[in-house]
Amino acid sequence: MNTAIAEKSTMANGDIPEDANEHCPGTQSESAGKSDACEGCPNQEACATAPKGPDPDLVVIAERMANVKHKILVLSGKGGVGKSTFSAQLSFALAAMNLQIGLLDIDICGPSIPKMLGLEGQEIHQSNLGWSPVYVDDNLGVMSIGFMIPDPDEAVIWRGPRKNGLIKNFLKEVYWNELDFLVVDAPPGTSDEHISIVQCLGATGIDGAIIVTTPQQVSLIDVRKEINFCKKVGVKVLGVVENMSGLCQPLMDFKFMRMTETGEHIDVSERVREYLREKAPELQNLIACSEVFDSSSGGAEKMCREMDVPFLGKVPLDPQLCKASEEGRSCFIDKKCQVSAPALKIIIEKMIEKNGFSSMLVDSA
């Protein structure tokens with residue numbers, strides 16, 4: 001499928017048109033096309049004569065979502081905190097529990113989910129039932145604008161109404177069949193995409209949101225806003241995950257450098273490893289950790305106590321998890337991610353237990 005499908009997206013009902021006058025009352029307002037602010041607007045006549053009332057698209061979306069048991073949003077206040085990595089690994093983990101999983105990527109301008117699921121270069125196909133997700137396995141389907149763009153380096157330069165239109169089309173047109181979980185990977189912040197997904201899925205029931213952050217204040221400041229957004233729009237916060245919580249990896253995986261007086265770095269890794277093997281073999285199995293981001297203020301755990309939301313746990317910055325994401329594979333299938341995979345497993349199990357999803361695991365067994 002190419003960009004022709006993406007261009008099918010239209011302005012969501014109730015949105016303000018891109019070329020509207022300042023102080024536009026909105027297309028669904030009773031004063032649309034009639035107020036003083038509408039004078040001279042190119043949309044004035046259309047707005048004045050357009051039917052008002054409930055959005056008919058929401059009925060179609062509700063029908064599509066009728067076979068989706070649970071819907072989870074994955075959010076972040078700040079970009080670059082590992083939200084999409086968490087969404088991908090959460091989906092892998094749930095699918096490994098023999099559940100039917102859909103992963104919907106609504107990060108329109110920065111879709112990274114296709115790469116993180118090993119699906120780069122794939123395309124969407126249409127059938128008489130709708131748009132078909134791209135499948136990693138029989139029980140893990142994915143939908144993203146990344147499948148619609150022929151050139152992965154092409155920038156998506158869209159205003160809010162067009163983004164909202166595509167999100168609506170994802171919800172109306174994609175045929176997921178029956179799902180246990182629909183995981184929605186949203187862009188950072190609290191912008192058009194977040195409002196659209198909440199409005200479109202609100203009537204069908206959103207179980208809640210998992211919010212991903214890093215430990216330092218510059219990230220937590222924005223996460224507080226994300227939590228307040230959830231509270232204002234009535235989305236339950238299922239929990240907060242502190243990602244990149246210190247760099248941790250096996251001691252023997254580190255690179256050791258000696259810095260000269262001139263500031264040059266000389267690699268002495270092999271000498272150090274040889275020394276450890278000969279002189280201190282008991283140290284070879286140690287995990288070495290170092291704080292990357294300042295967490296002296298208490299990090300996400302303290303913030304959760306202050307804002308009365310659940311804290312799900314910490315995931316260390318693990319180079320092997322980064323590699324798994326780059327290669328589009330689950331971190332749970334082998335023992336390479338020996339630091340991060342157990343932490344993620346504990347967090348996901350806690351989320352399942354605390355939010356009443358445990359019965360699904362029994363049903364799927």
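**Helix α4 and its surroundings**

Just after helix α4 comes Asn98, a residue with a positive phi, near 65 degrees. The model is a predicted one, and α4 is a handy place to start looking around it. The helix covers residues 83-96, so to speak a run of 14 residues, and it reaches 20 Å from its first C-alpha to its last, close to the 20 Å expected at 1.5 Å a residue. Most of α4 is covered, with 13 of its 14 residues buried.

One residue of α4 worth a closer look is Lys83. Lys83 has a relative accessibility of 5%, and because the cut-off for buried is under 20%, this lysine counts as buried. A polar atom of the Lys83 side chain sits 2.6 Å from the backbone oxygen of Ala186. Leaving aside residues up to four places away in sequence, Lys83 touches Val74, Leu75 and Ser76, then Asp107, and further along the chain Asp185, Ala186, Pro187, Pro188 and Val212.

Moving on to another pair of elements, helix α3 (residues 56-65) packs with helix α7 (residues 192-202). In general, a packed pair of helices is described by two values, the angle between the axes and the distance between them. For α3 and α7, the angle is about 75 degrees and the axes are 9 Å apart. Angles of 65 to 115 degrees count as roughly perpendicular, so α3 and α7 fall into that group. On the α3 side, the contact is made by Leu58, Ile61 and Met65, while α7 brings in Gln199, Cys200 and Leu201. Sorted by class, this contact has 5 nonpolar residues, 1 polar residue and no charged ones.

Helix α6 (residues 160-173) offers one more buried residue, Pro161. Its relative accessible area is 13%, and Pro161 is therefore buried under the cut-off of 20%. The C-alpha atom of Pro161 is separated by 8.1 Å from that of Asp192, although the two residues are 31 residues apart along the chain.

Stepping back to the whole chain, there are 13 helices and 13 strands. The C-alpha trace spans about 85 × 50 × 45 Å along its principal axes. The chain has 365 residues, and 49% of them count as buried. Among contacts in the chain with a separation of 6 or more, 73% come from residues 24 or more positions apart.

Definitions and conventions:
Residues are numbered from 1 along each chain as its sequence is written. This is a predicted model: local features need pLDDT of at least 70, side-chain atom pairs count only at pLDDT 80 or more; totals for chains, interfaces and linings use all residues. Side-chain values use heavy atoms; hydrogens and water are left out. Axes are lines fitted to C-alpha atoms, for helices over the stretch in contact, and angles run from 0 to 180 degrees between N-to-C directions. Helices (H or I, at least four residues) and strands (E, at least two) are DSSP runs, numbered from the N terminus. Angles under 35 degrees count as roughly parallel, over 145 as roughly antiparallel, 65 to 115 as roughly perpendicular and the rest as oblique. Contact means heavy atoms within 4.5 Å. Ala, Val, Leu, Ile, Met, Phe, Trp, Tyr, Cys and Pro count as nonpolar, Asp, Glu, Lys and Arg as charged, and the others, Gly among them, as polar. The expected span of a helix is 1.5 Å times one less than its number of residues. Buried means under 20% relative accessible area, exposed over 50%, partly exposed in between (1.4 Å probe, protein chains only). A polar contact is a pair of N or O atoms within 3.5 Å; within protein, one must be able to donate a hydrogen and the other to accept it, and residues adjacent in sequence count only if both atoms are side-chain atoms.
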